[in-house]
Amino acid sequence: MNDTMNKNEQALAKKIGATLVLKGIANKYIACFDKKCVIGLEKSFLQKGMSSDFSYKNLRQVTLAPSRGALMSGYIHLNVGGGDSPGVSGLIINGLNPNTVMFRKQGNNIAEEIKSFL
């Protein structure tokens, strides 16, 4: 198991069979598998679990903005076409974009690893 992931990320990776997992803000995660990656929401008491699969061959760009501390979250964004590039849409910045996972500073290292993996 990857040492960069924390215990919660390792547990989720084991549960879903992923190679790498980054758990971001609001139960949103990105998980990397052999042939695809998944952005999803974990099921919780008031939240239904859901996910979107992305084939590696369909990824056009992976954008990573590291967290800059407690006040500035980082994000990793998957561009699969359709004009949703970072900086153009406020949805990416505030985390509402389904192709974006926002994370805190402790997620910077695993986010770098995921970007390299993708």
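This passage describes the main nonpolar core of a predicted model and the elements around it.

The largest nonpolar core holds 26 residues, and among these Val21, Leu22, Ile30, Ile76, Leu78 and Ile114 touch the most other members. Two or more residues each are given to this core by helices H1 (7-16) and H3 (108-117) and by strands S1 (20-23), S2 (28-32), S3 (36-41), S5 (61-65), S6 (74-79) and S7 (100-103). Strand S2 supplies the largest share, four residues. In soluble globular proteins, nonpolar side chains tend to be buried together. Beyond its neighbours within four places in sequence, Val21 is in contact with Met5, Glu9, Leu12, Ala13, Ile16, Ile30, Ala31, Ile110 and Ile114.

The buried residues of helix H3 are Asn108, Ile110, Ala111 and Ile114. Viewed down the axis of H3, the buried residues fall within an arc of 165 degrees, so they line one face of the helix. Asn109 and Ser116 are exposed and lie on the face of H3 turned away from the buried side. The cover over the buried residues of H3 includes H1, S1, S2, S5, S6 and S7.

Strand S6 is mostly covered, with six of its six residues buried. Gly74, Ile76 and Leu78 point one way from S6, whereas Tyr75, His77 and Asn79 point the other way; all are buried. Strand S6 pairs with S5 in the antiparallel sense over five bridges, and Thr63 stands opposite His77 of S6. Strands S6 and S7 also pair in the antiparallel sense, over four bridges. Here Gly74 stands opposite Phe103 in S7.

Note on methods:
Residues are numbered from 1 along each chain as its sequence is written. This is a predicted model: local features need pLDDT of at least 70, side-chain atom pairs count only at pLDDT 80 or more; totals for chains, interfaces and linings use all residues. Side-chain values use heavy atoms; hydrogens and water are left out. A nonpolar core is a set of buried Ala, Val, Leu, Ile, Met, Phe, Trp, Tyr and Cys residues joined through side-chain atoms within 4.5 Å. Buried means under 20% relative accessible area, exposed over 50%, partly exposed in between (1.4 Å probe, protein chains only). Contact means heavy atoms within 4.5 Å. The arc is that of the directions from the helix axis to the C-beta atoms. Two strands pair if DSSP finds at least two bridges between them.
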